[in-house]
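Colleague: Before I rely on labels such as buried, contact or salt bridge, I would like to hear how each of them is earned. Could you take me through the reasoning step by step?

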Amino acid sequence: MSHGPRSGLYAVSSALLAMSRHLEVRDVLKTIVASARELLDAQYAALGVPDDHGGFAQFVVDGVSDAQWKAIGPLPRQHGILAAMLREARPERLADVREDPRFEGWPAAHPDMSDFLGLPIRDGDEIIGALFLANKMRPEGEPPCPRPDGRCGFTEDDEELLTILAQHAAIALTNARLYERSRELTIAEERSRLAHELHDAVSQKLFSLRLTAQAAATLVDRDPSRAKGELQHVAALAAEATEELRAAVIELRPAALDEDGLVATLRTQIQVLDRAHSARVTFSSHGVRALPASQEEAVLRVSQEALHNALRHSGAARVDVTLDRRGPGAVLHVRDDGGGFDPTAIRSAGRHLGLVSMRDRASGVGGTLTVESAPGKGTVIEMEVPGG
């Protein structure tokens, strides 16, 4: 084991804390790989999560640039040494992986590797991944490595340390999977609640609208004047149904807001929107503290309304949402590169209801809302809340 500045209990503790900070599976995988490579002074590190078809569902690397990784090509299959980690469930420490009889080569763009350390990541009896390190480096301040090629080679101490790291990696990865599963269940529950709310709130209006439309159709020829009145009633019922539909959607408070807080809830919802729409939707947040519950809900609702407008009406190719600390409070920005509009003419554009609703929500919690837009210039919605 190395004795450089990253060695010892502090280094192990730092690596384990880094893994525990993340809840998304991809982030956990990247943190595990980066921690392992840094902790054991390896030039390269990788972590593979197997699928059920002889390949890897996910394969994360550290020490390889994006350009190199792209040139290497598709995800590796489970063969050779990689398969051994998953099939035999035991550590593999090799002086030169290229001389092992199971070695089957690698793509032309693959970096050259020699000394190798790998071991499975296990959750009970299940192998949920495999962690690989290659090319042990000489830590700064230590004497040169004894091998002729300048490589240090991985030691028994390295293997023991990586085993400890892998055990905690299994916990972090399992927790991340459970978290993502709970998010999926929460989304499903919210959809079920939404369907129930929509049925109760809108079905009666739609039933009345259908009957009125049928009545108008029978009167068109024999009593056009009454038919016109019925059609006006149809229009009024349709408007009421639209407003009740919007209210049902807006007023459903996500359970995640109480459980996870504003930042995590926004991030999750925006990830869903990014997957569901052709536009690129991003989210970033810096230094935001917990806000009073009423302010957090207002910020969430304004962001939802602004995102709805941007994704449904603006024709935007990109929507960026940021939530940053400002004094004891926070400021929300929703920026899109869509068609924009003239804020002085929003009433004629039919978009005034959403903006009025957003301003009411902001002012209702002591905040402010501003709108910057122009035809062809996109739109920026800014909301600031004071905090507690």
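Modeller: Let me begin with the word contact, which means that heavy atoms lie within 4.5 Å. Please keep in mind throughout that this is a predicted model.

Colleague: Which residues does Gly 63 touch, not counting residues up to four places away in sequence?

Modeller: By that cut-off of 4.5 Å between heavy atoms, Gly 63 touches Arg 37, Gln 43, Tyr 44 and Gln 68. The glycine sits in the loop between β2 and α3, and its C-alpha is 6.7 Å from that of Ala 45, a residue 18 positions away in sequence.

Colleague: Why is Gly 63 called partly exposed?

Modeller: Buried requires a relative accessible area under 20% and exposed one over 50%; Gly 63 has 36%, so this residue falls in between and is called partly exposed.

Colleague: What makes the pairing of Asp 112 and Arg 98 a salt bridge?

Modeller: The criterion is a side-chain nitrogen of Lys or Arg within 4 Å of a carboxyl oxygen of Asp or Glu, and the N to O distance for Asp 112 and Arg 98 is 3.1 Å, so the pair qualifies. Both residues lie in the loop between β3 (92–94) and β4 (116–123), and the pair therefore ties together parts that are 14 residues apart in sequence. With relative accessibilities of 48% for Asp 112 and 33% for Arg 98, Asp 112 counts as partly exposed, and Arg 98 is partly exposed as well.

Colleague: How do you know that Glu 297 forms a salt bridge with Arg 301?

Modeller: Their closest N and O atoms are 3.9 Å apart, and the limit is 4 Å, so the pair is counted. Glu 297 and Arg 301 are 4 residues apart in helix α9 (residues 293–313), which means that about one helical turn separates them. Arg 301 has a relative accessible area of 2% and is buried.

Colleague: What links Arg 90, Glu 92, Asp 100 and Arg 102?

Modeller: These four residues are linked in a network of salt bridges. One of the bridges joins the side chains of Arg 102 and Asp 100, with an N to O distance of 2.9 Å. The two partners carry different labels, because Arg 102, at 23% relative accessibility, counts as partly exposed, whereas Asp 100, at 13%, counts as buried. A search of the whole structure finds 13 salt bridges.

Colleague: What makes α4 mostly covered?

Modeller: The label rests on a count, since 7 of the 8 residues of α4 are buried. Among them are Gly 80, Leu 82 and Met 85, and the cover over the buried residues of α4 includes β1, β2, β3, β4 and β5. After α4 comes Ala 89, which has a positive phi near 55 degrees.

Colleague: Which value of phi does Asn 135 have, and is this residue buried or exposed?

Modeller: Asn 135 has a phi near 65 degrees, a positive value in a residue other than glycine. Asn 135 lies in strand β5 and has a relative accessibility of 0%, so Asn 135 counts as buried. Asp 41 is not a glycine either, and its phi is positive at about 55 degrees. Asp 41 is found in the loop between α2 (25–39) and β1, and its relative accessibility of 17% is under the 20% cut-off, so Asp 41 counts as buried.

Colleague: How many of the residues lining the second largest pocket are nonpolar, polar and charged?

Modeller: The lining divides into 22 nonpolar, 4 polar and 3 charged residues. The pocket has a volume of about 600 Å³, and of the 29 residues that line it, the closest to its centre are Phe 59, Pro 76, Leu 82, Trp 106 and His 110. At least two lining residues come from each of β1 (42–50), β2 (56–62), α3 (66–72), α4 (80–87) and β5 (126–136).

Colleague: And for the chain as a whole, how many helices and strands are there?

Modeller: The chain has 11 helices and 10 strands, and 40% of its 388 residues are buried. Its accessible surface comes to about 20,500 Å², with 52% belonging to carbon and sulfur atoms.

Methods:
Residues are numbered from 1 along each chain as its sequence is written. This is a predicted model: local features need pLDDT of at least 70, side-chain atom pairs count only at pLDDT 80 or more; totals for chains, interfaces and linings use all residues. Side-chain values use heavy atoms; hydrogens and water are left out. Buried means under 20% relative accessible area, exposed over 50%, partly exposed in between (1.4 Å probe, protein chains only). Accessible areas come from the Shrake-Rupley method with a 1.4 Å probe; for residues, only the protein chains shown count as cover. On a 1 Å grid over the protein atoms alone, a cavity is a set of points where a 1.4 Å probe fits but cannot get out, and a pocket is an open set with protein on both sides within 12 Å along at least five of seven lines; lining residues have an atom within 4 Å of a point. Grid points are joined across faces, edges and corners, and a volume is the space filled by probe spheres set on the points. Ala, Val, Leu, Ile, Met, Phe, Trp, Tyr, Cys and Pro count as nonpolar, Asp, Glu, Lys and Arg as charged, and the others, Gly among them, as polar.
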